[in-house]
Each structure stands twice: as structure tokens, then as C-alpha cells.
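Ready for a few exercises at the desk rather than the bench? Have the sequence and the model open, try each task yourself, and then read the solution.

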Amino acid sequence: MNIGEAAAASGVSAKMIRYYESIDLIPNVARTDAGYRVYSQSDIHALRFIRRARDLGFSVNQMANLLALWGDRSRASADVKRIALEHVAELERKMRELRDMSKTLRHLAEHCQGDDRPHCPIIEDLSKGHDAGPAKPRKRRQPAVDGARHRHAF
């Protein structure tokens with residue numbers, strides 16, 4: 001299959017397939033003499049795996065680890081479970097943060113008159129943002145599994 005057919009069969013856009021190849025999440029595939037990519041059924045299977053993992057919100061690094069475990073027939077399911085549960089904890093943390101943001105914004109909106117006058121508690125709260133203290137540092141994404149390419153025999 002060419003990249004367009006692979007995209008249609010896997011649900012991963014051609015642009016994302018090229019990106020995943022460029023970061024070594026998936027291996028570079030064979031090419032024709034004219035330089036066109038040629039995808040096999042096992043490549044499509046790996047792309048579908050990635051699509052499902054992405055739909056569940058896994059990071060690129062987590063997907064790389066899961067792909068490596070998927071290809072390792074001697075893997076321990078405990079390793080897979082650990083990655084999934086770490087991801088669940090991160091999703092739950094994000095949900096708490098979103099609920100807190102929603103609650104705060106709802107409270108501010110309820111106290112805003114929403115009329116022609118300039119007074120607005122939403123603007124007042126936002127203008128005090130500098131008094132809230134330093135922002136929490138964001139986690140940095142790590143490169144995918146030592147930059148290794150992932151080959152699968154599916």
C-alpha cells in the first residue's frame with residue numbers, strides 16, 4: 001500500500017505517519033525505485049495500534065514503550081499495566097485541574113453582571129494572576145525509547 005492507502009486503512013493521516021517515521025516511533029518502510037513508501041499489513045497493524053493508543057491519550061513516549069512491549073513476546077503484563085495506570089493517574093489529575101478551572105470560571109461568571117458597565121470580576125481575577133505564585137513546571141516529554149526504531153513481526 002502507498003501512504004494514502006495506509007492512512008485510510010489505519011485511520012492515521014499521511015502527515016502523522018511521516019511524523020511518526022521522522023521521530024522513529026515507527027520504522028521507515030520500504031520504498032519503490034521511484035521513492036514512494038510501501039506499507040505492509042504489519043505496518044498497518046502497527047499504525048492502528050498507534051491510533052488506538054493516541055485515541056486513549058498516550059504520549060509519544062508512552063506509545064513507543066507500548067509498541068516495544070507489544071513486539072516483545074517475553075514481556076511481563078505488569079509492565080504494560082504500570083504504563084496504563086500511570087496514564088490513568090495523569091488523566092485523573094488533569095480532570096481534577098479542569099474541574100477546578102471550570103468551578104472557578106463558573107463562580108466568576110456568576111458574579112459578573114454581564115451588562116454595559118465596565119466592572120467585571122473575571123477581568124479583575126485575571127489581572128491578579130501575577131499574585132498567584134509561580135506556575136507549576138510542566139513535565140518534559142522524553143525521547144522515544146532510546147531513539148530506537150521499533151520493528152514488529154505481526
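Below are five exercises, each with a worked solution.

This is a predicted model, in which local features need pLDDT of at least 70 and side-chain atom pairs count only at pLDDT 80 or more, while totals for chains, interfaces and linings use all residues. Residues are numbered from 1 along each chain as its sequence is written, and side-chain values use heavy atoms, with hydrogens and water left out.

**Exercise 1. The overall layout**

Task: list the secondary structure elements from the N terminus on, and find what percentage of the residues count as buried.

Solution. Start with the elements: the protein chain has six helices and two strands. Helices (H or I, at least four residues) and strands (E, at least two) are DSSP runs, numbered from the N terminus. Their order is α-α-β-β-α-α-α-α.

Next, turn to burial. Buried means under 20% relative accessible area, exposed means over 50%, and partly exposed lies in between (1.4 Å probe, protein chains only). By that rule, 25% of the 154 residues of the protein chain are buried.

Finally, look at contacts, meaning heavy atoms within 4.5 Å. Of the contacts between residues at least 6 apart in sequence, 58% join residues at least 24 apart.

**Exercise 2. The largest nonpolar core**

Task: find which residues touch the most other members of the largest nonpolar core, and which helix gives the most to this core.

Solution. Begin with the term: a nonpolar core is a set of buried Ala, Val, Leu, Ile, Met, Phe, Trp, Tyr and Cys residues joined through side-chain atoms within 4.5 Å. The largest one here has 24 residues, and those touching the most other members are I17, Y20, L25, Y39, L47, I50 and M63. At least two core residues come from each of helix 1 (3-10), helix 2 (14-22), helix 3 (41-55) and helix 4 (60-71). Helix 4 gives the most, with seven residues.

Now zoom in on I50. Not counting residues up to four places away in sequence, I50 touches Y20, L25, I26, M63 and L67. As background, nonpolar side chains tend to be buried together in soluble globular proteins.

**Exercise 3. Two neighbouring helices**

Task: compare the spans of helix 3 and helix 4 with their expected values, then find what covers their buried residues.

Solution. The expected span of a helix is 1.5 Å times one less than its number of residues. Helix 3 has 15 residues and reaches 21 Å from its first C-alpha to its last, close to the expected 21 Å. The twelve residues of helix 4 should span 16 Å, and its end C-alpha atoms are 16 Å apart, which agrees.

Then take the buried residues. In helix 3 they are I44, A46, L47, I50 and A53, and their cover includes helix 1, helix 2 and helix 4. Just after helix 3, G57 takes a positive phi of about 85 degrees.

In helix 4, nine of the twelve residues are buried, so this helix is largely enclosed by the rest of the structure. Among them are N61, Q62 and W70. The buried residues of helix 4 pack against helix 2, helix 3 and helix 5 (77-110).

**Exercise 4. A glutamate in helix 2**

Task: decide whether E21 is buried or exposed, and find which side chain makes a polar contact with the side chain of E21.

Solution. First place the residue: E21 lies in helix 2. Its relative accessibility is 3%, so E21 counts as buried. A polar contact is a pair of N or O atoms within 3.5 Å; within protein, one must be able to donate a hydrogen and the other to accept it, and residues adjacent in sequence count only if both atoms are side-chain atoms. The side chains of E21 and R37 make such a contact, at 2.7 Å. Leaving aside neighbours within four places in sequence, E21 is in contact with I26, P27, N28, V29, R37 and Y39.

**Exercise 5. Aromatic pairs**

Task: find how many aromatic pairs the structure holds, and classify each as stacked, tilted or edge-to-face.

Solution. Rings of Phe, Tyr and Trp (its six-membered ring) pair if their centres lie within 6.5 Å; planes under 30 degrees apart count as stacked, over 60 as edge-to-face and the rest as tilted. The structure holds two such pairs. The rings of Y19 and Y20 have centres 5.8 Å apart and planes at 50 degrees, so this pair is tilted. Y19 is partly exposed at 38% relative accessibility, whereas Y20 is buried at 1%.

The rings of F49 and W70 have centres 4.3 Å apart and planes at 15 degrees, so this pair is stacked. The pair links distant parts of the chain, with F49 in helix 3 and W70 in helix 4, 21 residues apart. F49 is partly exposed at 24%, and W70 is buried at 14%.
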